[in-house]
Amino acid sequence: MARNVAQADASLKAGKWQRNKYVGVSLVGKTLAIMGFGKVGSEVARRAKGLGMDIIAHDPYAPVDRARAIGVDLVSFDEAISSADFISLHMPLTPSTAKLFDDETFANMKKGVRIINVARGGVVDEDALLRALDNGTVSQAALDVFTEEPPPKDSKLVHHENVTVTPHLGASTSEAQEGVALEIAEAVLGALKGELAATAVNAPMVPAEVLSELSPYVILAEKLGRLVVQLVAGGSGIKGVKVVYSSARDPDDLDTRVLRAMVTKGIIEPISSAFVNIVNADYVAKQRGVRISEERILLDGSPEIPIDSIEVHLANVESKFAGALSDEGDIRVEGEVKDGKPHLTLVGPFSVDVSLEGNLILCRQVDQPGIIGKVGSILGKMNVNVNFMSVGRTAPGKQAIMAIGVDEEPEKEALKLIGDIPSVEEFVFVKL
């Protein structure tokens, strides 16, 4: 639109050479107002910044921290339309947005503004837009969507010389069509496997961009659930589960429903025949008398990272690994996402740092030299590959916990030999 490409193309094909008529405008240094800052709007912002534009956005539901993270200021509707050189629409058609861009709205815009609508035709009053084009308030418009599709053949708006139009081609690429087909197939397969289904109509409504952002934390939540339940002594009934999220984000900007569901999945699936997913997690927990509570700890810092850590507490249960008990007597584990991967960072009062992948051996021992070597030697002789190891202790020479990641499940003989080391007070093997 800014460079009159469509008009110049048609002119040249008609045998004309009109360079002076189709002088365009540069995007560099211009202010772009993005109206609707969801998935598409935020992607437009990223690309427009690469073109050297100054970006502002209006969306009453968008988190301020998400906009700031990509260098965009969220402003009021009036400020957005009055200060923009270009306005790009990315809002849904609802009763509150129908014909939102009418005569009054256009009158409040900067003279010579350029409008792009690739959202929904109904958000623009097309007659008002035509009047704004004719009186010079709007210099140019680019439209991919219309109130009536296809628009009437005699539409003055479609035939206006300062309007670039396309027949709703937004998602019409070979790659996009193939992508939709693959997305549907993968979503069905994923749902059947109990994985997240962003488009499940009977699941809690979690926006796709939220699911994408929380994806590594979803894995962390399930892994912590699977770990903590394997620390419970046989016969202990799990009744109370507390999940604690530490984050610098405002609680209203942190949707934890999917994380709660995945903690539930991790706890219940290993000890039952239930098949747990985001749709049925709360129902399955209630059926089994498991009460899931959530707590949030607000941290100082950047809200760009959604969650600093997740803790899972099991109350009023016996533990097969006493080292995992907190001062309050709960089984307690904590994890973080590091480099996109889930890590275990706390077991009871002991700080560790191990990847939550594969299998894990936890050992509690007296803190003294040689223990790591002895355990490693036993596993090596039994042909068990150690992929990581971390030791946390309360104080030098006191209690310590060793967390060992192994590729294979050790044989019982290897675990017995580890338990026979005099300084090892207890150990447990868990599958993640």
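1. Let me start with R249, which is buried at 7% relative accessibility. In this predicted model, R249 pairs with E213 in a salt bridge whose closest N and O atoms are 2.5 Å apart. R249 sits in the loop between β8 and α10 (257–268), while E213 belongs to helix α9 (residues 208–229), so the pair ties together parts that are 36 residues apart in sequence. The partner, E213, is partly exposed, with a relative accessibility of 28%. It is worth having this pair on screen first, as R249 returns in the next point.

2. R249 is also one of the residues around the largest cavity, together with Y245, S247, P251, L254, R296, I297 and L298. The volume of this largest cavity is about 50 Å³, and the structure holds one cavity of 30 Å³ or more. Which elements supply at least two residues each to the lining of the largest cavity? They are β8 (240–247) and β9 (291–298), with β9 giving the most, at three residues. Sorted by class, the lining of the largest cavity has five nonpolar residues, one polar and two charged.

3. Staying with helix α9, please look at R226, whose side chain meets that of E269 in a salt bridge at 3.2 Å, N to O. R226 is in helix α9 and E269 is in the loop between α10 and α11 (281–287), so this contact joins parts that are 43 residues apart in sequence. E269 is buried, at 16% relative accessible area. The two residues are also members of a salt-bridge network that links E222, R226, K265 and E269. For the wider picture, the structure holds 19 salt bridges.

4. Another salt bridge that you may like to inspect is the one between R364 and E425, where the closest N and O atoms are 2.8 Å apart. Here the connection is between strands: R364 lies in β14 (residues 359–366) and E425 in β17 (residues 424–431), so the pair ties together parts that are 61 residues apart in sequence. R364 counts as buried at 17% relative accessibility, whereas E425 counts as partly exposed at 40%. The cut-off for buried is under 20% relative accessible area.

5. Now to the second largest pocket, which has a volume of about 470 Å³. It is lined by 16 residues, and those closest to its centre are M1, L27, L51, S88 and I116. Two elements, α2 (39–50) and β4 (86–89), give two or more residues to this lining. Helix α2 makes the greatest contribution to the lining of the second largest pocket, with five residues. What is the make-up of that lining by class? There are 13 nonpolar residues, one polar and two charged.

6. On the outside, there is a nonpolar surface patch of about 390 Å², made by V180, I184, V188 and L192. V180 is found in helix α8 (residues 174–192). With a relative accessible area of 44%, V180 is partly exposed.

7. Some backbone geometry deserves a friendly second look. Most residues other than glycine have a negative phi, and most peptide bonds are trans. The peptide bond from E149 to P150, however, is cis, with omega near -5°. P150 is in the loop between β6 (138–143) and α7 (156–159).

8. Two residues with positive phi also belong on your list. D339, which is not a glycine, has a positive phi of about 55°. D339 is placed in the loop between β11 (331–338) and β12 (341–347), and at 82% relative accessibility it counts as exposed. N383 has a positive phi near 60° and is likewise a residue other than glycine. N383 lies in the loop between α12 (371–381) and β15 (386–393), and N383 is exposed too, at 67% relative accessibility.

9. Last, a remark on K398, in the loop between β15 and β16 (399–406). Is K398 buried or exposed? At 52% relative accessibility, K398 counts as exposed; the cut-off for that class is over 50%. If you want a distance to check, K398 and E357 are 28 Å apart in space, C-alpha to C-alpha, and 41 residues apart in sequence.

Notes
Residues numbered from 1 in each chain as written. Predicted model: local features only at pLDDT ≥ 70, side-chain atom pairs only at ≥ 80, totals over all residues. Heavy atoms only, no water. Patch = residues over 30% accessible without salt bridge, like charges linked within 9 Å, V, L, I, M, F, W, Y side chains within 5 Å. Areas by Shrake-Rupley, 256 points an atom, 1.4 Å probe, with all protein chains shown as cover. Salt bridge = Lys/Arg side-chain N within 4 Å of Asp/Glu carboxyl O. Helix = DSSP H or I, 4+ residues; strand = E, 2+ residues; numbered from the N terminus. Buried < 20%, exposed > 50% of the residue type's maximum accessible area, 1.4 Å probe, protein only. 1 Å grid on protein atoms, 1.4 Å probe; cavity = no way out; pocket = protein on both sides within 12 Å on 5 of 7 lines; lining within 4 Å. Points joined across faces, edges and corners; volume = space filled by probe spheres on them. Nonpolar A, V, L, I, M, F, W, Y, C, P; charged D, E, K, R; others polar.
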